[in-house]
Amino acid sequence: MTKIYISFLAATLLASCAGNDVADKSTNTASAEKADDRDYHTLSNADSVAVTHLDLDINVDFDKRQITGSAHWDIKQIHPSSHVVFDTEDLTIDSVVMDDGSKADFKIGALDKELGKALSVPITAQTKSLTVYYKTGNATALQWLAPQQTASKKTPFLYTQSESIYARSWIPCQDGPGIRFTYNAKVKVPKDLLALMSAENSQQKSADGSYSFKMDKPIPAYLMALAVGDIGFKSIDNRSGVYAEHAMLEKAHKEFEDIGGMITIAEQLYGPYRWGRYDVLVLPPGFPIGGMENPKLTFSTPTIITGDKSLVSLIAHELAHNWSGNLVTNKTWNDFWLNEGFTVYFERRITEAMQGKSYVDMLWELSHQDLEASMKGLPERDTWLRLDLKGRHPELGLTDVAYEKGAHFLWLIEKTVGREKFDVFLKDYFNSHAFQTMTTSQFLKYLDEKLLSGHDDWKKAININAWIFGPGLPANCPTPDRERLSKVDAVIKKFEGGATAADLGIKDWSTYEWLHFLRNLKTSVKADRLADLDKTFKLTQTPNSEIADIWFVQAIKANYEPAYPAMKSFLLVTGRQKFLEPLYKTMMETGKAQMAKDIFAVSKGNYHPLAQKNIEGIIKGDNKYE
Ligand code: BES
Ligand code: ZN
C-alpha cells in the first residue's frame, strides 16, 4: 500500500500503547466525532439531490490523450433544492442539457486545490435527468501509456484509478463513497483495442472499437473503472477469468488458476458473491498500486506474478473487497478502516483457509511490524481508526492504520467472542447492509446490538474506544504464534554469528520467511556477506518482487554493487509505489542521491503521475541527506 511520508515531528508524541487513560480522555472527543458523519471530500449536494443512474457515452482519443462525451444522470430529489451539484476536476464542460431539452445555465465554482470544482446545474421540482457534455483535461485518474510502455510495444494503453477522489477527473459525478448509482456505458476506442470496465465485459474485441457496458448494482464513483489496450482473455472457470496483455496472459492465468477456489472459500465465510463474474485484469508494470477492487474486474499489478503463486494473497484482498467495501461501503474517507481493515481481516481468513494457520501467523507478525514502524511517522490523530480528514486530502488516510490497526481490531474481537460467533456476526453484517453505506458509529452500534450487548466482560476486554477513538496500538492488541518466524530468528542469529549462507540450513522458505530474514539483517552486514547469500540463493535474480525489493534495499545499504543492474531494471519498469519508495529513500539516505536522480531520470516516464510526484518529493529532500 502507498505509504505517506509525513513529517517525523509527531513521532515522539506517539504513545505506542494506549492505557486506560487514553480511553477515558478520548471519550468526549469521541462523542463529538460521532456526531459528524459528513463527507468533506465531495462538493456535491447529494444529501439533497442524489444521482441514481448514469448513462455514459464516451470516446477515448489516444492521440490527444483525452476522453470526450456525455454523462446522462438520473437524479432523485430528496429535499427541495434549486440546483444539483457535481464534482469535477480539470474537466471542460461544453454544455448541460436538461430532460425537457433546454440548455442549462450551469455554473462552475472556484477551484479547490484538493477537491476540484463544483458544477452546479439549476433544476426544477420536475427535473428527473440531465446530460453533461464534457472533455477531460490533465486527468489524475488516467494513465496513458505509449506503445513502447506496453508488452507488445505496438499499441497504446489506458487505465483509470478512481479511488479515492479521482473519478471526478474523468466523469462529472457526485464523487463521494456514500453516493451510489447504477450505470450503462458506451465507449468508443481505436478499433484494434479492447475496452473493459467495472461492469459486464466482453471477452473479445469488437469489430469497430465500440463497446457497451452495464453495471446493474449501485456502486460509488470511486469504483468506476476503465481500461483500454491490446488485451486478451483466458477463462479460469464458469465465473472467473484473466485479462492481460497477450504476452502476459498464459503466465497470469497459471498464477491465478485457483481463484475459483478462493471465491468459494470467501462465500463459505461471509455469504454469496453478489456480482456475477469475477475477473482479474493484469495491468502493465507501471500500475502505481498493488490492486484495485473494481467490481467484477479487479485491477492488479503484474508484480505479484512470480511463477509460484506466492503473492496471490493480494487477489484474496481485492476479492474480499467485494463484501467489505463494494457491498458495504465506508460512507466517508474518515471511515476508511471499514473498507480496508475489514478487507485485510477477511483476506487473512481466506489465506488461512488456503495456506494454514502458521502461514497466516507470519503475515500478522510482519504486518504488525509494518504498522508499528509507519505509526512512528504519523501525527497522533492519524493513528485513530476513526480518522479526521476534514480539510485534508483523503489520501492522507491511506496508511497502515486503516489496514492493519483495523484488521487487528477485528482479530481482537474474534479472539474475544470466539471465531464461530464472530463469523455469524460478520456474515449477517454484510447481508443486512448489502449495497449500503456504513459509518463508524453505525458499525459500533450494530456491533453492540448484535454481538456485545449483555457481555460487559467482552466489552471490557475489547475496549472499543481505545481502538477507534484513541492513538497507537492498545495494550490488548493480539499477537500471533511465532512458530515459523522464531526459526527464522535463529537463522538470523547464526548468520550474524558468522555462519556462511550454505551452512544456514535454509530450505523451503516461503516469501514471508525470506522477508523476515532480509528485513532483519543488521545494517552492519557488509557487501561480502550479501555476496555469499546471493551466490547461494540467487537473490538478485529472484522473480519475487517482494523479496527483490527488500534485497535491493539491503544491497544499497551495504554498497553491494552486483545487485545494482537488476535493481535499475526493476526501477525502470515497476511503477508500484510500495516498491519505489523504499528504494529511492534508501538511496537518498545512504549518500546515493546522484544514483537516485539518474535512475529516476530514465524511469519516470513509466511511473504514474502521482508516483512521479511522490518520488520527486523524496529526491528533492536530498539536500538534508547530502
Ligand atoms: N482499495 C485499495 C487501493 C486504494 C486505496 C487506492 C485508497 C487508492 C486509495 C486496494 O484494495 C488496496 O488496498 N491495495 C493494496 C493491496 C494490498 C493491501 C494487498 C495495494 O495496492 O498495495
Ligand atoms: Zn484494499
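This short talk goes through the ligand site, a pocket, the cavities, a salt bridge and two backbone details of the structure shown above. Please keep in mind throughout that what we are looking at is a predicted model.

Let me begin with ligand 1, which is surrounded by 18 residues, and the closest of these are Glu163, Gly290, Glu293, Glu318 and Tyr403. Tyr403 also makes a polar contact, with a polar side-chain atom 2.6 Å from an oxygen atom of ligand 1. Two histidines do something comparable in kind: a polar side-chain atom of His321 lies 2.9 Å from an oxygen atom of the ligand, and in the side chain of His317 an N or O atom is 3.1 Å from an oxygen atom of ligand 1. How much of ligand 1 does the protein bury? Taken alone, ligand 1 exposes 520 Å², and the protein buries 90% of that.

As for where this shell comes from, the elements that contribute two or more residues are β17, spanning 291–292, α4, spanning 313–320, and α5, spanning 336–355. The largest share, three residues, is supplied by α4. Sorted by class, the shell around ligand 1 contains seven nonpolar, six polar and five charged residues.

One residue of that shell brings me to the backbone, since Glu163 is among the residues closest to the ligand, and the peptide bond that runs from Glu163 to Ser164 is cis, with omega near 0°. Ser164 itself sits in the loop between β9, residues 157–160, and β10, residues 180–188.

Moving on to the empty space, I will take the second largest pocket, which holds about 660 Å³. Its lining is made up of 32 residues, and those nearest the centre of this pocket are Pro285, Pro302, Thr303, Val573 and Thr574. Helices α2 (246–255), α15 (545–557) and α16 (564–573) are the elements that give two or more residues to this lining, and with four residues α16 gives the most. In class terms, the lining of the second largest pocket divides into 17 nonpolar, twelve polar and three charged residues.

There are also cavities, and the count of those of 30 Å³ or more comes to three. The largest cavity has a volume of about 70 Å³, and among the residues that line it are Met262, Lys309, Thr351, Met354 and Tyr359. Which element gives the largest share of the lining of the largest cavity? That is α5, with three residues, and α5 is also one of the elements that give two or more residues to the shell around ligand 1. By class, the lining of the largest cavity has four nonpolar, four polar and one charged residues.

Lys309, which lines this cavity, deserves a second look in the backbone, where its phi is near 60°, a positive value in a residue other than glycine. Lys309 is placed in the loop between β18, residues 297–300, and α4.

Finally, a word on charge pairs. Side chains of opposite charge can pair when their charged atoms come close. In this model the count comes to 31 salt bridges, and I will show one of them, between Glu250 and Lys234, whose closest N and O atoms are 3.1 Å apart. Glu250 belongs to helix α2 and Lys234 to strand β14, residues 231–237, so this pair ties together parts that are 16 residues apart in sequence. Helix α2 is therefore a part tied by this salt bridge to strand β14, and α2 also gives two or more residues to the lining of the second largest pocket.

Key:
Residues numbered from 1 in each chain as written. Chains lettered and ligands numbered in written order. Predicted model: local features only at pLDDT ≥ 70, side-chain atom pairs only at ≥ 80, totals over all residues. Heavy atoms only, no water. 1 Å grid on protein atoms, 1.4 Å probe; cavity = no way out; pocket = protein on both sides within 12 Å on 5 of 7 lines; lining within 4 Å. Points joined across faces, edges and corners; volume = space filled by probe spheres on them. Nonpolar A, V, L, I, M, F, W, Y, C, P; charged D, E, K, R; others polar. Near = heavy atom within 4 Å. Polar contact = N/O pair within 3.5 Å; in protein donor to acceptor, adjacent residues only side chain to side chain. Areas by Shrake-Rupley, 256 points an atom, 1.4 Å probe, with all protein chains shown as cover. Salt bridge = Lys/Arg side-chain N within 4 Å of Asp/Glu carboxyl O.
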